[in-house]
Amino acid sequence: MIISDSKLILEIKNLHARIEDKPILKGVNLQVKEGEIHALMGRNGSGKSTLAKILAGHPSYKITEGQITFQDKNLLTLEPEERARMGIFLGFQYPVEIPGVSNLEFLRVATNTRRSARQQEELDTFEFEDFVHSKLEVVQMDPVFLERSINEGFSGGEKKRNEILQMALLEPIISILDETDSGLDIDALRIVASGVNQLSSPQTATLLITHYQRLLNEITPDFVHVMADGEIQRTGGSELALELEKSGYEWIDRAVKVGESE
Amino acid sequence: MSNQNSIGEIVSKPYKYGFVTDIETEKFSKGINEEVIRLISEKKKEPKFLLDFRLRAYKQWSKMNEPNWAELGYPKINYQDIIYYAAPKKSEKKSSLDEVDPKLLETFEKLGIPLSEQKRLSNVAVDAVFDSVSIATTYQEKLAEHGVIFCSISEAVIKYPDLIEKYLGSVVPINDNFFAALNSAVFSDGSFVFIPKGIECPMELSSYFRINSGDTGQFERTLIVAEEASSVSYLEGCTAPMFDTNTLHAAVVELITLDDASIKYSTVQNWYSGNEEGIGGIYNFVTKRGHCRGKRSKISWSQVETGSAITWKYPSCILQGKESIGEFYSVALTNNYQKADTGTKMIHIGENTRSTIVSKGISAGRSSNSYRGLVQMGPNSKGSKNYSQCDSMLIGDQASANTYPYIRSQQPQSSIEHEASTCRISEEQLFYLQSRGIGFEEAVSMMVSGFCRDVFNELPMEFAAEADKLLALKLEGSVG
């Protein structure tokens, strides 16, 4: 939802980044205001997931140029945990399994960390149990998954639901969902999408990273950006996604080539 | 990894127990020979049988070679360059704590083991051993009301010579191995526990071993006997000051359970492990063995091994009584240049005996951590079962982990199960937890304690939390 005088939450300016010696991002610019839903599309290797990980503070990438501002703070000097406490959430494309660490305990520690960063009272075990059960409904998740180790033995769909559950518990200001739709059947996709829709609010924003139109049938974006070769090449409304669906990414590639020859 | 938190940099908070107590000590001169052994025995006013025991052991030891099959690799130990007896002066066992040198009380208080009546732990009886002697044992009278004997082994030798003569060396014979023979010859002090028939020991028993002198070996000897249908839970803790030389520690622990008796023996070993460059630290060579003599008896070892430069230790169970049970739960953590070669032996002799082994090895820094274990099913062990699980966790990319399970079965109607796994704390796992607001060190410690949970569940309640904290402390800065 676009409101003209809404506040800027996230601003990325001329961001260049590399992993080892390989440049991945080559000048990304993006502005996200509260209440907005952005979709970031593009082929594999265009830099979408890199951008998502950089926003969350992944240590493998080196920023060579540019800046990221989140709620008027320079994000690049902050540790991943500090960013999370401020309200940045990354829903992983491939959530890792962490054997031995109880999912419930993990969710409780994470929730309380975020709560105390917001000067809210921490929840004790019993209070948290009630809180987490109320959120389970959002993603229609079976409580048995709370008793397991983090993501261990979860199916692809269960892992993604666990991601959205974390989003529900942490109440982030911006949620970056990295290919949350990949590997989901249509029912799981609907559940996940409905979770995201329920959690959207005029004070928060969402950045959806996806290959396909089908997620955008369930969640309507205000803006669609198309990434190629480490830059955002096109920005438009939701109709841009439909156009991509129809004509594929090739016309973007052509546009990139034209740009290079100029 | 980002600058502040590189896993390699957060290593080691300073070793909290590294202080030296400045106290007048009586020490023998360096070296070992028959004369030294006679002197130790004389010093302790021992009966003749014990002197003979020591001398026999010394003869055996002189003929033995130091074992070298473990994955340890350490410079040769010069056994003539070690002091075999050191004791605080005026070390006569005091009838009341008021007479104990306040410096010693202060030392133990600093270590978190207050001994004075006002401050002592409320449900744990403690035997405090300083260098070669026991300085105090708490709650002796209360335990005596139940017929439980808990005292230093030197005291037991004088007061209960028959029990000592009967049981000492009956589980670990004097010629069992090089280090056990050495210990049998020169052992200085340690604890003795006797639980009479039908008695459930009313409180936790605990021994705390403190090495204070840098050039003195510590050779403690512990003997626990649980008579029919009795039970006891016993915990030992160990610390030492920081010296840049290596100190030798060679202990022997013997446990005996008769019919329906059970002993739970827990260790939190935190000897000084040397500095980040691997200089200094304790060489820890320990022989621990339990003998389930009686039917349906049970011996359970649980250990958290975090200290020492070198650890060589295989707490074992001889399952002789029918339906007897042996257990071994171990967490061994090595960091920097520490080396540990540890595991267990489960020797199934009687019918329908059962054993469980759960070993968790964590290697960080440039350390090496090996599990070495034997499961043996004898010809008469029909219907016996073993289950072993050995997991290793690697932190960083310069540590190593090895598993050497030995299995021998002479009984077709027995079963042995062995599972093993190795994992590594990955950057992706850490990033995942961090991206949910959990700090780097807390993330590491969550994963490590998750990994160790099966073992921590076996520790006495008060110590499980301690062990968790100890691991977190040891690991600070080890991930990188």
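**Exercise 1. Taking stock of chain B**

How many helices and strands are there in chain B?

*Solution.* Keep in mind that this is a predicted model. Start with the count: chain B holds 10 helices and 23 strands. Next, look at burial: 56% of its 480 residues count as buried. Finally, check how far along the sequence the contacts reach. Among contacts in chain B with a separation of 6 or more, 83% come from residues 24 or more positions apart.

**Exercise 2. Placing one arginine**

Find B:R366 and work out whether it is buried, partly exposed or exposed.

*Solution.* First locate the residue: B:R366 sits in the loop between β19 (354–363) and β20 (368–377) of chain B. Now count its surroundings. There are 18 other C-beta atoms within 10 Å of B:R366. A buried residue needs 20 or more, and an exposed one has 12 or fewer, so B:R366 comes out as partly exposed.

Then list its partners. Skipping neighbours within four places in sequence, B:R366 touches B:N336, B:Y337, B:Q398 and B:A399. As a last step, try a distance: B:E276 is 90 residues away in sequence, yet the C-alpha atoms of B:R366 and B:E276 are 9.6 Å apart in space.

**Exercise 3. Walking along α6 of chain A**

Describe helix α6(A), from its span to what its buried residues pack against.

*Solution.* Begin with length. α6(A) (156–170) has 15 residues and covers 21 Å from first C-alpha to last, close to the 21 Å expected at 1.5 Å a residue.

Next comes burial: 12 of the 15 residues are buried, so the helix is mostly covered. The buried stretch includes A:K159, A:K160 and A:R161 as well as A:I164, A:L165 and A:M167. What do the buried residues of α6(A) pack against? Their partners in chain A are β6 (88–91), α3, α4 (125–139), α5 (144–147), β9 (174–178) and α7 (186–199).

Round off at the end of the helix: just after α6(A), A:E171 takes a positive phi of about 45°.

**Exercise 4. A helix crossing**

Work out how α3(A) and α6(A) cross, and which residues make the contact.

*Solution.* Take the axes first: they come within 9 Å and cross at roughly 35°. The crossing of α3(A) past α6(A) is right-handed. On the α3(A) side, the contact uses A:L107, A:A110, A:T111 and A:R114, while α6(A) brings A:Q166, A:L169 and A:L170. Sort these residues by class and you get four nonpolar, two polar and one charged.

**Exercise 5. Reading a sheet**

Find the edge strands of the six-stranded sheet in chain A.

*Solution.* Write down the order: the open sheet runs β6-β9-β10-β3-β11-β12, with mixed pairing. The ends of that order are the edges: β6 and β12 (231–236) each have a single partner strand, so one side of each lacks a neighbour in the sheet. From one strand to the next, the twist averages 20°.

Now zoom in on one pair. β11 (residues 223–228) and β12(A) run antiparallel and are joined by five bridges. Here A:H225 stands opposite A:T235 of β12(A).

**Exercise 6. Where the chains meet**

Outline the side of chain A that touches chain B.

*Solution.* Count first: 21 residues of chain A are in contact with 21 residues of chain B. The elements of chain A giving two or more residues are α2 (80–86), β7 (98–102), α3 (103–117) and α6 (156–170). Then sort the chain A side by class: 13 nonpolar, four polar and four charged residues.

Notes: Residues numbered from 1 in each chain as written. Chains lettered and ligands numbered in written order. Predicted model: local features only at pLDDT ≥ 70, side-chain atom pairs only at ≥ 80, totals over all residues. Contact = placed C-beta atoms within 7 Å. Helix = DSSP H or I, 4+ residues; strand = E, 2+ residues; numbered from the N terminus. Nonpolar A, V, L, I, M, F, W, Y, C, P; charged D, E, K, R; others polar. Expected span 1.5 Å × (residues − 1). Pairing = 2+ DSSP bridges. Axes fitted to C-alpha atoms, helices over the stretch in contact; angles between N-to-C directions. Left-handed = near helix turned anticlockwise from the far one by under 90°.
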